[in-house]
Amino acid sequence: MEESSRRNSSRKGEKDPYCVIHKLPSGDTPYVRAKHAQLVEKDPELAIVLFWKAINAGDRVDSALKDMAVVMKQLDRTEEAIEAIKSFRSLCSKHAQESLDNVLIDLYKKCGRIDEQIDLLKQKLRLIYQGGAFNGKPTKTARSHGKKFQVSIKQETSRILGNLGWAYMQKSKYMAAEVVYKKAQMIDPDPNKACNLALCLIKQARNIEAHSILSEVLEGKIPGSEDCKAQNRAQELMLYVEPRWLPPPTKEKKTTTGFDLEDDFIDGLEKLLKEWTPIRTKRLPIFEEISSYKNKVAC
């Protein structure tokens, strides 16, 4: 009898196997019911109603607001999700703000609010070089497809720069996109950003430079470039470039048209690069050109 009682007692702290299988939190609160509606019943509309109840009841507000925004995005209620985050993020903890920003960036991207996406990406980068990202820690735990993994500040910076570069591409600001893609590749190179940089150069009719970058991907010189998707994309872009890359073009006249990076923003990135990359005596050539252009304008 006592043995049975001890067993039952020891199991009180264990998670319900049903919850483990369906990746549900345990209990019977509005948030738990919302997750059940989302993951088990597959009823997103009901899940949203229950997430609202959880937020109003103060039940796991951090998770409820983020999860509700994600479900709204799936239902193409993107604008509503944006307003929900803006209106209720003040109820969330400090630790939840970074994750809410990530959701907000995805929402801005989906509904085409590129200027707001760019502003928020810049804000996140400023937070990094001011030392305020990851709540002051060198790494953070991220989750993808149900698996947890560690992300370093370097990796996060490169990822955000890549997203910023793509956002600039959507605005046809190819010079700004080129700058941030090159910065991203200096910090944590990967083939996807390399292909995006090549595309950016193609848009500027700089096919020889694009050819050189795509060759590095195809020859496996960039970490991760053995991936089939990376190889296929590089091959597709190369087919576009190769017929156009010879004969060598006349000296290209570069311009700062489309450049949209503030001086303090550039300086912050330069400081990060000095910390994370080998000592360099010069800034990127593109920065030298920009500085020279600005000096001429000032005169």
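This report describes the overall make-up of a predicted model and then looks at helices 4 and 5, the nonpolar core, the aromatic pairs, the cysteines and the loop residues with positive phi.

## Overall make-up

The chain has 299 residues, of which 40% count as buried, and its secondary structure comes to 15 helices and 2 strands. Its accessible surface is about 17300 Å², and carbon and sulfur atoms account for 52% of that area. When contacts between residues at least 6 apart in sequence are considered, 56% of them join residues at least 24 apart.

## Helix 4

Helix 4 has 14 residues, which at 1.5 Å a residue should span 20 Å, and this agrees with the 20 Å that separates its end C-alpha atoms. The helix runs over residues 44–57, and its buried residues are Ala-47, Ile-48, Leu-50, Phe-51, Ala-54 and Ile-55. The cover over these buried residues includes helix 3, helix 5 and helix 6.

Just after the helix comes Gly-58, which takes a positive phi of about 70 degrees. Arg-60 lies in the loop between helix 4 and helix 5, and this residue also has a positive phi, of about 50 degrees, although it is not a glycine. With a relative accessible area of 40%, Arg-60 is partly exposed.

## Helix 5

Helix 5 covers residues 61–74, and for its 14 residues the expected span of 20 Å, at 1.5 Å a residue, agrees with the 20 Å between its end C-alpha atoms. Its buried residues are Val-61, Ala-64, Leu-65, Asp-67, Met-68, Ala-69, Val-71 and Met-72, and they pack against helix 3 (30–39), helix 4 (44–57), helix 6 (78–88) and helix 7 (97–110). After the helix comes Asp-76, whose phi is positive and near 60 degrees.

## The largest nonpolar core

In soluble globular proteins, nonpolar side chains tend to be buried together. In this model the largest nonpolar core contains 69 residues, and those that touch the most other members are Phe-51, Leu-65, Met-68, Ile-85, Leu-107 and Leu-214. Helix 11, which covers residues 191–203, gives the most to this core, with 8 residues.

Several of these core members recur in the helices described above: Phe-51 is among the buried residues of helix 4, while Leu-65 and Met-68 are among those of helix 5. Leu-107, once its neighbours within four places in sequence are left aside, is in contact with Ala-69, Lys-73, Thr-78, Ala-81, Ile-82 and Ile-85. Of these partners, Ala-69 is one of the buried residues of helix 5, and Ile-85 is itself named among the core residues that touch the most other members.

## Aromatic pairs

The structure holds 2 aromatic pairs. In one of them, the rings of Tyr-31 and Phe-51 have their centres 6.0 Å apart and their planes at 50 degrees, so the pair is tilted. Because Tyr-31 lies in helix 3 and Phe-51 in helix 4, this pair ties together parts that are 20 residues apart in sequence. Both Tyr-31 and Phe-51 are buried.

The rings of Trp-52 and Phe-88 have their centres 5.3 Å apart, with planes at 70 degrees, and this pair is therefore edge-to-face. It links distant parts of the chain, with Trp-52 in helix 4 and Phe-88 in helix 6, 36 residues apart. Trp-52 counts as partly exposed at 25% relative accessibility, and Phe-88 is likewise partly exposed, with a relative accessible area of 24%; both values can be set against the cut-off of under 20% for buried residues.

## Cysteines

A disulfide is a covalent bond between the sulfur atoms of two cysteines. The structure holds 0 disulfides. Cys-195 is buried, with a relative accessible area of 1%, whereas Cys-111 counts as partly exposed at 27% relative accessibility.

## Positive phi in the loop before helix 4

Most residues other than glycine have a negative phi. Lys-42, however, has a positive phi near 55 degrees, and this residue lies in the loop between helix 3 and helix 4. Its relative accessible area of 61% makes Lys-42 exposed. Arg-60, in the loop between helix 4 and helix 5, is another residue with a positive phi that is not a glycine. The two loops therefore flank helix 4, one lying between helix 3 and helix 4 and the other between helix 4 and helix 5, as the numbering of helices from the N terminus implies.

How values were computed:
Residues are numbered from 1 along each chain as its sequence is written. This is a predicted model: local features need pLDDT of at least 70, side-chain atom pairs count only at pLDDT 80 or more; totals for chains, interfaces and linings use all residues. Side-chain values use heavy atoms; hydrogens and water are left out. Helices (H or I, at least four residues) and strands (E, at least two) are DSSP runs, numbered from the N terminus. The expected span of a helix is 1.5 Å times one less than its number of residues. Buried means under 20% relative accessible area, exposed over 50%, partly exposed in between (1.4 Å probe, protein chains only). Contact means heavy atoms within 4.5 Å. A nonpolar core is a set of buried Ala, Val, Leu, Ile, Met, Phe, Trp, Tyr and Cys residues joined through side-chain atoms within 4.5 Å. Rings of Phe, Tyr and Trp (its six-membered ring) pair if their centres lie within 6.5 Å; planes under 30 degrees apart count as stacked, over 60 as edge-to-face and the rest as tilted. Accessible areas come from the Shrake-Rupley method with a 1.4 Å probe; for residues, only the protein chains shown count as cover. A disulfide is a pair of cysteine sulfur atoms within 2.5 Å.
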